Amino acid sequence: MPMTKIALGVLIALTVLVPREAWADVTKTICLRIPVTISDETGHAGETGRRIRASNGRGGWKARGIEIDRVENSSGSEIDSSSFPQRANTTSGCFDVQHAGVETVTIFVRTSGTLLSGNTLDVRSGSSNPSVYPVDVALGASGGTYMAYWDTQYILPRMYAIMAYAINAFRGRYDYEDLDVHWYSSSNPADTACSNDCINCFSYHSGDGRICISESFSKYKFVLAHEYGHVNLRLGIGSEA
């Protein structure tokens with residue numbers, strides 16, 4: 001029997017008026033994409049669609065293995081708190097969250113992560129801890145995959161995306177190593193971690209690698225990947241090259 005206009009109206013009203021708490025939690029997969037522009041476009045450029053799309057200012061590289069600190073609902077309360085912090089998938093940059101209802105949630109992402117072969121990556125400014133960056137994503141009622149994009153390009157997430165791509169793509173014997181990447185700005189007096197190291201080069205500290213990148217070179221994939229190459233040779237095969 002066809003649905004009457006009255007019955008249809010009741011159904012729509014119930015859908016709108018049911019509180020979020022009445023929805024059942026379902027698994028929703030969120031894939032994080034970091035906007036990246038690079039100054040040296042020639043050669044192997046990494047991600048397909050690496051530039052931010054001019055039409056809507058969105059696009060970017062996969063947030064491989066990045067740490068999700070927490071997810072908050074539209075009221076500012078944490079959701080699925082027992083699952084966080086967690087790391088996104090090492091290759092897809094996606095993660096799962098249990099969520100009910102329809103709303104825009106905020107994901108808090110830290111520029112730290114775990115990559116293929118057990119390698120870890122921290123990207124920070126000076127001696128500070130890896131920074132946290134919020135990004136919003138609108139979730140529907142059903143399970144499935146949702147894409148989360150930053151509308152603003154930030155330096156540390158951009159550096160993380162480039163370094164994570166390089167580490168995953170070119171490993172050799174580089175396994176279970178820890179890499180610390182510092183963005184060095186001479187205008188910031190708190191940036192003291194690289195004061196005794198050379199800038200735009202690799203150094204070795206207590207068994208771990210450290211790379212210090214200056215402000216002007218943070219968009220050069222060649223500089224970031226080149227210095228990672230030194231780290232890889234030093235820690236992966238013991239070469240001093």
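**Exercise 1.** Aspartate 69 counts as buried, because its relative accessibility is 19%; place it in the fold and find its partners.

*Solution.* Before the steps, a word on the model: it is predicted, so local features need pLDDT of at least 70 and side-chain atom pairs count only at pLDDT 80 or more, while totals for chains, interfaces and linings use all residues. Residues are numbered from 1 along each chain as its sequence is written, and side-chain values use heavy atoms, with hydrogens and water left out.

Step 1: check the label. Buried is under 20% relative accessible area, exposed is over 50%, and partly exposed is in between (1.4 Å probe, protein chains only).

Step 2: find the element. Aspartate 69 sits in strand 3, residues 66–72. Strands (E, at least two residues) and helices (H or I, at least four) are DSSP runs numbered from the N terminus.

Step 3: list the contacts, meaning heavy atoms within 4.5 Å. Beyond its neighbours within four places in sequence, aspartate 69 meets Phe84, Pro85, Phe108 and Arg110.

Step 4: pick out the polar contact. The side chains of aspartate 69 and arginine 110 are joined by one of 2.7 Å. The term covers N or O atom pairs within 3.5 Å; within protein, one atom must be able to donate a hydrogen and the other to accept it, and residues adjacent in sequence count only if both atoms are side-chain atoms.

**Exercise 2.** Move one place along to arginine 70: which side chains does its own side chain meet in polar contacts?

*Solution.* Step 1: arginine 70 is in strand 3 as well.

Step 2: its side chain reaches that of aspartate 69 at 2.8 Å and that of glutamate 72 at 2.9 Å.

Step 3: look further along the chain. Not counting residues up to four places away, arginine 70 touches Glu78, Phe84, Thr106, Ile107 and Phe108. Its C-alpha is also 8.6 Å from that of aspartate 80, ten residues away in sequence.

**Exercise 3.** Hunt down the backbone oddities: where is there a cis peptide bond, and which residues other than glycine have a positive phi?

*Solution.* Step 1: the cis bond joins phenylalanine 84 and proline 85, with omega about 0°. Proline 85 belongs to the loop between strand 3 and strand 4 (86–87).

Step 2: aspartate 80 has a positive phi of about 50°. Aspartate 80 is in the loop between strand 3 and strand 4, and is buried because its relative accessible area is 18%.

Step 3: tyrosine 176 has a positive phi too, near 50°. Look for tyrosine 176 in the loop between helix 2 and strand 10 (178–184); at 67% relative accessibility, tyrosine 176 counts as exposed.

**Exercise 4.** Search for cavities: how many of 30 Å³ or more are there, and what lines the largest?

*Solution.* Step 1: the whole structure gives one cavity of 30 Å³ or more. On a 1 Å grid over the protein atoms alone, a cavity is a set of points where a 1.4 Å probe fits but cannot get out, and lining residues have an atom within 4 Å of a point.

Step 2: the volume of the largest cavity is about 30 Å³. Here grid points are joined across faces, edges and corners, and the volume is the space filled by probe spheres set on the points.

Step 3: the lining is Ile34, Ile66, Val109, Arg110, Thr111, Tyr133, Trp150 and Pro157. Strand 6 (residues 103–114) gives the most, three residues. Recall that Arg110 also contacts aspartate 69.

**Exercise 5.** Finish with the nonpolar core: how many residues does the largest one have, and which have the most contacts inside it?

*Solution.* Step 1: set the term. A nonpolar core is a set of buried Ala, Val, Leu, Ile, Met, Phe, Trp, Tyr and Cys residues joined through side-chain atoms within 4.5 Å.

Step 2: the largest has 49 residues, and those with the most contacts inside it are Leu32, Phe95, Ile107, Leu121, Leu179, Val181 and Tyr228. Helix 2 is the top contributor to this core, with ten residues.

Step 3: zoom in on leucine 121. Leaving out residues up to four places away, its contacts include Thr111, Tyr160, Met163, Leu179 and Val181.

Step 4: zoom out. The chain has three helices and twelve strands, and 44% of its 241 residues are buried. Of the contacts with a separation of 6 or more, 71% are between residues 24 or more positions apart.

How values were computed:
On a 1 Å grid over the protein atoms alone, a cavity is a set of points where a 1.4 Å probe fits but cannot get out, and a pocket is an open set with protein on both sides within 12 Å along at least five of seven lines; lining residues have an atom within 4 Å of a point.
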